[in-house]
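Me: I'm new to reading protein models and would like some help. Could you walk me through this one, feature by feature?

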Amino acid sequence: MIRRRRKRVNPRLLFLLLICGLGRTSLALDGDSVHPVYVGVKVCAQCHDGDAMGNQCSIWARSRHADAYAALSKPEARLIAKLSGVPVLPQQSPLCLGCHATAAEAEPWERDPSFAIQDGVQCEHCHGPGSEYADAAVMMNRELAMKRGLRMPAMEECQACHAPKGSHDAVLKGDRLDMAAAWEQIQHPTPENAELVKLSFPPLPSSAKEPAFVGAGSCAECHADPTKGDHFGAWRRTAHADAFAVLATARAREIAAKMGVSGDPRTKLECLKCHTSVYHRPASHVLGTASVYEGVSCEACHGPGSQHAETCSRPRSTEKNGLLKVDAPACSSCHENAHGKPFQLPANLAEASHPIQAREHEEAGPQYKTPINLAVSPDGKELYAACEASKSVVVVDIAALRKVAEIGVGGQPHDVAFSPDGKTAFVSNRLDDTVSIIDTQSRTVTATIPVGDEPHGLVVDKQGAFLYVLNTLSEDISVIDVGKRTEVKRLSAGRGPWSAAISRDGQWIACTNVLSHFVPFRTPSRSEVTLIDATRGMVTLRAMVPGANGLRGIAWHPSGDFALFTLNRHKNLVPMTRVVQGWTITNGLGVLWRDGHVDQVLLDEPGIAFPDPTDVVVTNDGKYALVTSAASNRVAVVAVDRLLNLLQSADEAERANVLPNHLGKAAEFVLQWIETPVCPRGITVAPGTDRAFVAASLDDRIAVIDLNSFQSVAVIDLGGPQVVTKERLGERVFHSAMNTFHRQFACSSCHPDGHVEGLTYDIEPDGIGVNPVDNRTLRGILDTAPFKWEGLNPSLSRQCGPRLAVFFTRIHPFTQEQLSALDYYICTIPSPPNRHRPLGAELTPAQRRGKEIFYRTTTNDGRLIPMENRCSTCHYPPLYTDRRIHDVGTKLPLDEHGLFDTPQLFNVYNSAPYLHNGIAETLEEIWTRFNPYDQHGVTNDMTKDQLNDLIEYLRTF
Amino acid sequence: MTSNTAGYFASFIMLMWVAVQGCPEYAIADDSGAGGKNSSLPALAFGQSVDGISDEDLPYVYTQWENYTVEDGLPNDHLFCVKATPDVIWIGSENGLARLDKKSGKIQSWNEEDGLPWRAITSIDVDPKTGDVWLGLFGGGLARFSGGRFEHFHQLNSGLVNDVVYGVAVENNHIWCATTAGASRYDVITGKWDIYTEKNAPMEEIWNYNVTYAPSVNKVFLAVWGSGCLEFDVATEKWKDYIDPDKEMEIDLYRDDGIIHVITTAASFADGALWVSAYFGCCRYDGRHWRGFYAHETGLPSDFTNFLKARSANEAWFCTDKGAGVVADYATDTYVAYYRNSDNSGGVAKIYRQGRLLREVPLEVSIAHNFMIGVDFDGDDVWLATAHGLSHGIGKGYYPGVKRAPQQPQTVAAASSTSADSK
């Protein structure tokens with residue numbers, strides 16, 4: 001049962017937010033405002049070790065907190081990241097670092113040089129940045145230290161990171177933390193008679209001829225990449241890393257006593273020389289980045305590393321860059337006869353080894369291709385397929401009908417286009433926000449150009465001078481000067497520009513937009529086809545398509561009189577139980593006339609839907625149009641003359657109101673359907689030929705269609721693996737309409753690219769318009785349970801199984817295998833990196849001001865903001881959701897209740913509209929229109945520039 | 001804002017509305033000079049040489065005027081702004097947007113029923129790269145008109161600081177708005193909004209009347225009520241302010257010591273010279289010297305200047321409450337003032353040098369109204385947004401500066417009879 005909470009927040013929860021490194025960023029000290037910074041565990045350790053202080057640092061060092069960063073390089077971590085929708089290495093993900101490191105969100109200047117993120121979950125993760133309370137005199141005065149930022153967390157606050165997460169459960173197989181036991185385990189109480197007595201270390205061995213110690217954190221800057229051996233992680237997980245910490249144990253004292261060493265072993269040279277790097281061998285000096293607390297680290301075996309660090313870019317040579325050769329004698333000096341511990345040199349050396357070798361695909365599994373879109377070279381000899389999964393373009397010899405090359409490009413390539421002379425090909429990389437430029441002669445990428453957010457469609461003008469790139473998420477079109485390889489301007493598009501086509505005369509470029517414009521609450525969609533005059537590079541017309549959304553593929557008729565485009569018509573305003581005029585989603589074709597007028601017809605027939613029409617191509621003679629149905633593995637053959645006759649024989653009212661919804665008309669112009677391999681998406685026709693090519697995206701093949709017989713005559717294997725993994729099966733289920741009622745739509749119909757189509761649905765059969773809910777993204781969804789705006793579904797399997805069965809799948813629910821695979825795939829849908837703040841980047845001044853507002857505790861006039869009304873109380877990092885339901889005053893008369901799930905805020909800038917019913921078109925409106933009584937955070941005292949700053953900060957999540 | 005500030009603004013609004021509701025036509029009082037207020041101009045002998053310039057060295061005078069009103073398709077005759085582009089003229093009115101196709105002469109208009117987000121359009125700028133038209137809406141925020149669709153930005157759905165937008169300017173990928181509560185800058189690529197007020201710009205007052213961008217120096221200029229003219233260097237994001245050094249609100253105590261008054265209405269930069277208008281006259285700054293222009297010294301129609309635009313460092317047009325004033329040749333201190341008769345469509349253009357009337361050129365068809373608030377250049381032509389329609393000055397044979405062509409005014413005047421008042 002879901003526990004409902006109404007604006008009740010554990011007051012200690014906020015404290016946790018603060019200690020996550022994201023708390024208030026300035027402290028008032030004696031009237032002056034200062035900004036505390038992170039100093040790192042090595043600074044803390046100077047006072048917080050030794051018997052007099054309860055050996056606190058040593059206790060931490062032996063805990064899993066100290067290994068938290070290193071754990072990110074384990075194969076399990078990469079799998080967890082994948083299931084969290086993280087498309088980068090865990091060490092590069094703010095989401096992962098938020099709980100596996102300290103000060104993950106801090107700016108570079110907020111970390112002292114002594115701080116190393118590689119030290120994992122350090123003291124300051126829980127106790128707050130320490131620069132202002134680290135002074136011994138302050139620290140000994142608890143009240144003063146608290147004023148200066150010291151935090152003392154309670155166990156409940158650990159839940160921000162340790163609350164169950166689906167991704168971790170799935171990989172670690174239920175190895176959940178026993179919080180109470182863990183809490184006891186990490187206890188490091190300060191003794192009642194505590195004294196700030198620093199450990200008294202003996203003099204360091206010194207040699208001016210030797211390089212300096214730089215510390216393991218410095219080594220990790222280059223040696224933490226799991227694809228290159230994960231040296232840092234491998235070391236951190238060994239006993240070497242705890243070698244100094246163990247000296248604080250009673251066992252260490254026993255051993256020391258047996259050796260005739262009295263006192264604290266941590267202060268004795270006899271012990272330190274084998275339990276630390278810095279005492280193990282002489283060095284010219286020890287940099288501040290190194291310390292005894294890292295135990296036996298890289299430099300114990302490889303020697304002081306300053307010289308190596310300076311010359312690390314040069315070819316490896318142990319002599320040239322100061323590294324020592326590690327061999328058996330090097331180990332034996334400490335391990336031979338060490339306290340009676342058995343030491344088998346070959347075995348133990350192998351155990352500690354960390355060879356330099358790429359392990360990139362160690363856990364990756366089969367690498368699929370997933371061709372999305374195709375383009376034929378102007379000479380008709382080659383076919384290029386943009387392959388989303390393999391980050392490549394596969395080159396096919398059209399005469400031989402076989403793959404001849406594969407060219408690596410950027411992340412999630414989506415579309416491909418050729419220059420008119422065929423010498424250059426362009427590929428949009430939607431994950432990277434770039435376009436790859438390929439020299440077709442050498443088949444190499446010669447340049448990569450940054451464009452807008454999530455580029456999809458591409459088209460080159462007739463002269464080959466300008467490339468138009470449709471940026472789906474930034475909702476604009478980059479115009480690239482091909483010669484200069486630079487973006488020269490950005491045209492505004494509709495919402496979600498998707499595909500582009502240029503007329504044969506080269507004058508007009510028509511662009512589809514996959515999302516509807518914002519429309520008044522509970523009114524039908526209105527989508528746009530953007531028409532660009534290619535001779536001027538300007539938008540000249542925005543043709544509106546009423547009642548439609550999901551506009552994807554587009555193609556011009558050779559006559560240039562009209563273009564055809566695919567569309568959906570979502571019936572999102574009535575409950576999904578109403579099977580009226582085609583139930584929930586009908587699928588069709590639009591006709592854009594040169595004057596901007598638009599016609600719509602359906603490709604569905606009664607009982608036989610044509611789900612997810614995705615791309616369209618017109619044959620060279622203009623007689624036929626071929627349309628792919630990605631969710632039913634078919635291509636429809638449309639007789640263009642029949643379609644035009646249908647339209648011309650109808651009067652204006654019929655064309656506007658009847659044909660767009662008429663399920664009985666497709667039979668009049670659809671000649672036949674052609675079966676294809678799984679999930680046909682892009683389709684193209686080779687110029688001057690009678691062949692069409694279809695990208696079967698989830699089969700890694702290209703189907704070849706003969707345009708005389710309209711038969712599939714061949715398939716071209718792009719070289720993907722034959723095995724169908726669980727993830728691949730789930731991806732197929734996600735893109736298939738086979739299980740939905742009337743086989744009308746797939747999961748992907750409402751979640752293009754795993755994201756949102758921006759509509760608000762009336763799902764439940766509780767009356768028209770009652771409880772409308774905005775669609776939500778699937779990107780990074782797994783760890784944000786419970787699901788749905790009401791927070792009623794505790795798991796994805798319930799959401800996609802019994803829940804969907806009520807409305808979508810009906811009598812054909814997913815099988816257990818399908819459901820399991822679907823859930824797995826959904827979790828892997830990547831959430832692209834944030835575009836407004838690269839990892840580790842400094843905040844802009846506006847973002848920095850916005851951060852202050854996000855974490856503020858008082859209003860502009862000094863009133864205390866109640867804990868439950870602070871932004872960070874419910875939207876705390878790293879997930880930016882407390883995963884609970886709250887009443888934030890957004891209930892409308894048609895809502896049965898006002899408690900709604902706290903949404904996560906990853907890439908919140910690209911998931912409009914907002915709030916549970918999608919009523920806020922922009923982030924600004926959440927507070928300018930829909931927070932009149934300060935129930936959704938205290939915001940009404942804010943000035944306009946403060947709200948702008950807050951939004952700039954939110955965009956960095 | 002002080003009550004004094006509010007009072008000045010109220011005055012401005014009142015004057016503007018009085019004007020658009022029916023400002024009396026300027027009457028050419030007599031043949032002694034400028035007439036009316038200008039009768040006290042210094043009496044220099046006609047034909048006297050000034051600094052080596054002969055009275056026969058005359059500026060170009062626009063004698064062919066076409067006027068457009070609601071009868072020609074404008075949505076309203078009370079015009080607030082005009083923007084000329086190579087193909088079309090954009091016109092902002094009290095109640096709608098209009099586009100005049102220069103080739104066909106046809107006017108298309110949009111009002112709120114056509115999707116225009118707000119009826120009153122106070123400023124227009126066009127992005128030269130994208131062709132998008134940006135509209136400053138008086139009380140309605142900002143709109144982008146692109147491909148036939150209006151996109152509306154206002155203080156509730158965007159980061160725009162205030163919905164009373166007086167001026168709009170396109171600067172690279174930014175859209176600047178001069179509003180009653182500061183300036184806003186919108187980045188069309190990133191979607192980021194910046195706000196400039198007294199917190200981060202040298203604005204003693206935040207009532208921004210006008211904004212313009214000078215590509216040649218990559219700078220933005222703001223005309224601010226009570227804060228003079230502010231210069232924003234796009235590259236360095238640094239501000240520089242030009243305020244009245246004598247700090248006198250009512251008079252220009254020390255002439256040419258700086259900007260003439262801190263209450264400014266517009267700024268325009270051309271060829272290295274900054275021109276600034278105020279309700280108390282106009283001024284020009286060449287980077288070293290300031291020069292003020294007052295009606296009583298120059299022959300310009302009025303000091304009450306709603307707007308100005310510079311054509312060059314040598315020529316600028318002033319939109320006043322009593323006619324169009326032109327610094328026709330700064331180098332020789334030569335001016336032209338255009339007036340419309342109160343009782344017919346005709347009028348007169350008066351040429352002055354150093355305040356001395358050189359010539360009067362009768363105009364069979366003159367400007368549409370003597371109260372005007374917008375001007376733009378279109379090659380050799382000029383367009384004026386007046387309180388009673390749009391005026392198009394046809395610049396056939398236009399030349400900058402002055403020219404020894406003594407027959408030109410008379411000849412052109414004779415030829416002007418071909419124009420019709422309303423096209």
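Me: What is the mean pLDDT of chain B, and how many of its residues reach 70 or more?

Reply: pLDDT is the predictor's confidence in each residue, from 0 to 100. For chain B the mean is 87, and 83% of its residues reach 70 or more. Two stretches of chain B have pLDDT below 50: one is residues 1-48, with 73 contacts in the model beyond near neighbours in sequence, and another is residues 408-423, with 34 such contacts. A contact here means that the C-beta atoms of two residues, placed from the backbone, lie within 7 Å. Where pLDDT is low, the predicted coordinates should not be read in detail. The model as a whole scores ipTM 0.89 and pTM 0.89.

Me: Anything I should know about the ground rules?

Reply: Residues are numbered from 1 along each chain as its sequence is written, and chains are lettered from A and ligands numbered from 1 in the order in which they are written. This is a predicted model, where local features need pLDDT of at least 70, side-chain atom pairs count only at pLDDT 80 or more, and totals for chains, interfaces and linings use all residues.

Me: How many helices and strands are there in chain A?

Reply: Helices (H or I, at least four residues) and strands (E, at least two) are DSSP runs, numbered from the N terminus. Chain A has 31 helices and 34 strands. The radius of gyration (taken over C-alpha atoms) is 31 Å for chain A, close to the 30 Å that the globule rule gives for 957 residues, so chain A is as compact as a globular protein of that length. That rule is 2.2 Å times the number of residues to the power 0.38. The C-alpha trace of chain A spans about 105 × 65 × 50 Å along its principal axes.

Me: What share of the residues of chain A count as buried?

Reply: You count neighbours: a residue is buried if 20 or more other C-beta atoms lie within 10 Å of its own, exposed if 12 or fewer, and partly exposed in between, with C-beta atoms placed from the backbone. In chain A, 53% of the 957 residues count as buried.

Me: Is Asn55(A) buried or exposed?

Reply: Asn55(A) is buried, as 23 other C-beta atoms lie within 10 Å. You'll find Asn55(A) in the loop between helix H2 (41-45) and helix H3 (56-61) of chain A. Its backbone is worth a look too: Asn55(A) has a positive phi of about 50 degrees, although it is not a glycine. Chain B has a case to set beside it, Asn218(B), where phi is near 55 degrees. Asn218(B) sits in the loop between strand S15 (207-214) and strand S16 (219-225) of chain B, and counts as partly exposed with 14 C-beta neighbours inside 10 Å.

Me: How do I read two helices that cross, say H28 and H31 of chain A?

Reply: Fit a line to the C-alpha atoms of each helix, over the stretch in contact, and take the angle between N-to-C directions, from 0 to 180 degrees. The axes of H28 (residues 845-854) and H31 (residues 944-954) of chain A come within 7 Å and cross at roughly 95 degrees. That makes H28(A) roughly perpendicular to H31(A). The cut-offs are under 35 degrees for roughly parallel, over 145 for roughly antiparallel, 65 to 115 for roughly perpendicular, and oblique for the rest. Among the residues that meet are Ile853(A) and Phe854(A) from H28(A), and Leu950(A) and Ile951(A) from H31(A). The residues of this contact divide into 6 nonpolar, 4 polar and 4 charged. Nonpolar means Ala, Val, Leu, Ile, Met, Phe, Trp, Tyr, Cys and Pro, charged means Asp, Glu, Lys and Arg, and the others, Gly among them, are polar.

Me: How many residues of H31(A) are buried?

Reply: 10 of its 11 residues are buried, so H31(A) is largely enclosed by the rest of the structure. Those buried residues pack against H28 and helix H30 (923-928) of chain A, together with S14 of chain B.

Me: And how many residues does each chain bring to the contact between A and B?

Reply: Chain B gives 22 residues and chain A gives 21. On the side of chain B, strand S9 (141-146) and strand S14 (193-196) each supply at least two residues. By class, that side has 6 nonpolar, 10 polar and 6 charged residues.
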